[in-house]
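Below are my notes on this model, written as numbered points for a colleague at the bench. Please read them with the structure open beside you.

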Amino acid sequence: MPLNIAIIGSGPAGFYSADALIKACPDCRIDFIERLPTPFGLIRGGVAPDHQTTKRVTQKYEKTAMMEHVHFYGNVEIGRDVSLDELRQMYDAVVLAIGAPSDKKLTIPGADKIGVHGSAAFVGWYNGHPDFRDLEPDLNTTTAVVIGNGNVAVDVARVLLRSPRGMAESDLPDHVSKIIHAAPITDVHMVGRRGPADAKFTNVELREMGHLNMTAPRVKAYQMPEDLGAVLSQYDDRDRRLRTRNIETLKEFAECADEDKPKNVHFDFFASPIEILGGDRVEAIRFERTTVENGKTSGIGEMFDIECGLVIPSIGYRSEPIEGAPFDQKNGIIPNDNGRIDPGLYAVGWIKRGPSGVISSNRPDGVIVAEYIAEDITSDSNKLGRDDLEVMLKDRHVRWTGYSDWKKLEAMEVAAADGSAPRKKFVTVDDMINALDG
Ligand SMILES: Cc1cc2nc3c(=O)[nH]c(=O)nc-3n(C[C@H](O)[C@H](O)[C@H](O)COP(=O)(O)OP(=O)(O)OC[C@H]3O[C@@H](n4cnc5c(N)ncnc54)[C@H](O)[C@@H]3O)c2cc1C
């Protein structure tokens, strides 16, 4: 009997695991089980719509998905259509690659006001993720505040400020571009608790903010460190190089501060959010100035407000527990020993490590798990994998989508695209299933 392995989730971590498993065990049968009818996780629903080159990594994943012994079961959610325990009875090994889909909550007074949207929801909305189709944020404001200094914060600021021409080659859904491009937003403040040397954005993303047609980057030169060596002493060589480049870019931004453009992205450091002000809706956000000493951030008692109608906390993602697996609430991950939860059950990607790193950071997780599976599982079990799964799904009237269904949806999306847009996304599960079933 071949080994039957289920991978739950078809984002990067799932695909790198499948790739490693195929190499380690060429005879095994691998089934992706994915809650959406479409594959690729955050590559489709997180990576910015104007970063189509980054999304091309899916061409590599597709080669894996098309292999004869790999099957895709989309529109099947663990915990809704089939339980983890049931899957473990059907498969020799189950790999959890379910990511970290939710927002880390901002816990300050006023964080529940209308006009505050966590970045997981906001990014999901502008990427056409079905879970966030109905978010409909009110962008009728001139000023937005993005809390956080990572790449996601940069993406959000850029998407809010970029002109329709700048987004022409993106796959921003129509209902989103109508709202964003009608919005009177002229100023986006990106505010971080720590200093510029600690900011987590990568230099390519940061530099892009200096090349927007309609938007000028604004940096307070006095916030730049005088003694770079001292503020970077805690970092290793590689990190030091990356952070030095960021500081150089920010200094360049500060030098061309009088650039005359109609919109502005303000980089503000050393400020911690204290309270969101207003009635039912956001009217302003109050910050306290901070100082960073020996790596520790503390408030210095000096307050300031930014008037705004939109606040996007971009302070991180968190995973959700799944029935049948342990969960570490504090760290927001499934507790695991470098990917092994127990023999037969494994974790990879953001559900294993937490929400950090780029796409390729998920690759080593797959390699490790393939080694564990080869060590832990013998091929003499009588588990039937997909044969049993399909019987169960049919019994439960689950309309699953195969990879060929995804290819049909993709062809329809590409055919429907306007101008130089790469595709016009389906943004609800019902629309996808109706399009497939006529
Ligand atoms: C907004 C944003 C932008 C990013 N941009 C970049 C970028 O430009 N470049 C870069 O290198 N990295 C980027 N990253 C990081 C990169 O996307 C992640 O490293 C990567 O997607 C994590 O992979 P994953 O497989 O663990 O999770 P995910 O990609 O989230 O995949 C998880 C999959 O599991 C599925 N799933 C969840 N629960 C269930 C369930 N119960 N049953 C079945 N299926 C389930 C989900 O639908 C999803 O398809 C970005 C991240 C974010 C949040």
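**The ligand shell, the domains and the two sheets**

1. Among the structural elements, α1 contributes the most to the shell around the ligand, with three residues. Both α1 (12-24) and α7 (151-161) supply at least two residues of that shell; helices (H or I, at least four residues) and strands (E, at least two) are DSSP runs, numbered from the N terminus. The model is a predicted one, in which local features need pLDDT of at least 70 and side-chain atom pairs count only at pLDDT 80 or more, while totals for chains, interfaces and linings use all residues. Residues are numbered from 1 along each chain as its sequence is written.

2. The ligand has 36 residues around it, of which G9, G11, G41, G99 and G349 come nearest, where a residue is near a molecule or strand if its C-beta atom, placed from the backbone, lies within 6 Å of it. By class, the shell divides into 18 nonpolar, 14 polar and four charged residues. In this count Ala, Val, Leu, Ile, Met, Phe, Trp, Tyr, Cys and Pro are nonpolar, Asp, Glu, Lys and Arg are charged, and the others, Gly among them, are polar.

3. The domain assignment gives domain 1 (4-101 + 319-437) and domain 2 (102-317), with bounds that come from an automatic or database domain assignment. The contact between them takes 20 residues from domain 1 and 23 residues from domain 2, two residues being in contact if their C-beta atoms, placed from the backbone, lie within 7 Å. On the side of domain 1 that touches domain 2 there are ten nonpolar, six polar and four charged residues. The C-alpha centres of the two domains lie 31 Å apart. Because domain 1 and domain 2 both give residues to the shell around the ligand, the ligand lies between them.

4. One open sheet has five strands in the order β8-β9-β7-β6-β13, with parallel pairing; two strands pair if DSSP finds at least two bridges between them. At the edges stand β8 (215-219) and β13 (310-313), each with a single partner strand, so one side of each is left without a neighbour in the sheet. From one strand to the next the twist averages 20 degrees, with axes taken as lines fitted to C-alpha atoms, for helices over the stretch in contact, and angles running from 0 to 180 degrees between N-to-C directions.

5. Within this sheet, strand β6 (residues 143-147) and strand β7 (residues 187-191) run parallel and are joined by five bridges, and V145 stands opposite H189 in β7. Five bridges also join β7 to β9 in the parallel sense, where V188 has V265 in β9 as its bridge partner. The pairing of β8 with β9 is likewise parallel, over five bridges, and R218 stands opposite H266 in β9. Helix α7, which also supplies residues to the ligand shell, lies across β6, β7, β8, β9 (263-268) and β13, and runs at about 175 degrees to β7.

6. A further open sheet has six strands in the order β3-β2-β1-β4-β16-β15, and its pairing is mixed. Its edge strands, β3 (70-73) and β15 (340-342), each pair on one side only, and the twist averages 20 degrees from one strand to the next. Strand β1 (residues 4-8) pairs with strand β4 (residues 93-96) in the parallel sense over four bridges, with I5 opposite A93 in β4.

7. For the chain as a whole, there are 16 helices and 16 strands. The radius of gyration, taken over C-alpha atoms, is 23 Å, close to the 22 Å that the globule rule (2.2 Å times the number of residues to the power 0.38) gives for 438 residues, so the chain is as compact as a globular protein of that length. Taken along the principal axes, the C-alpha atoms fill a box of roughly 70 × 50 × 35 Å.
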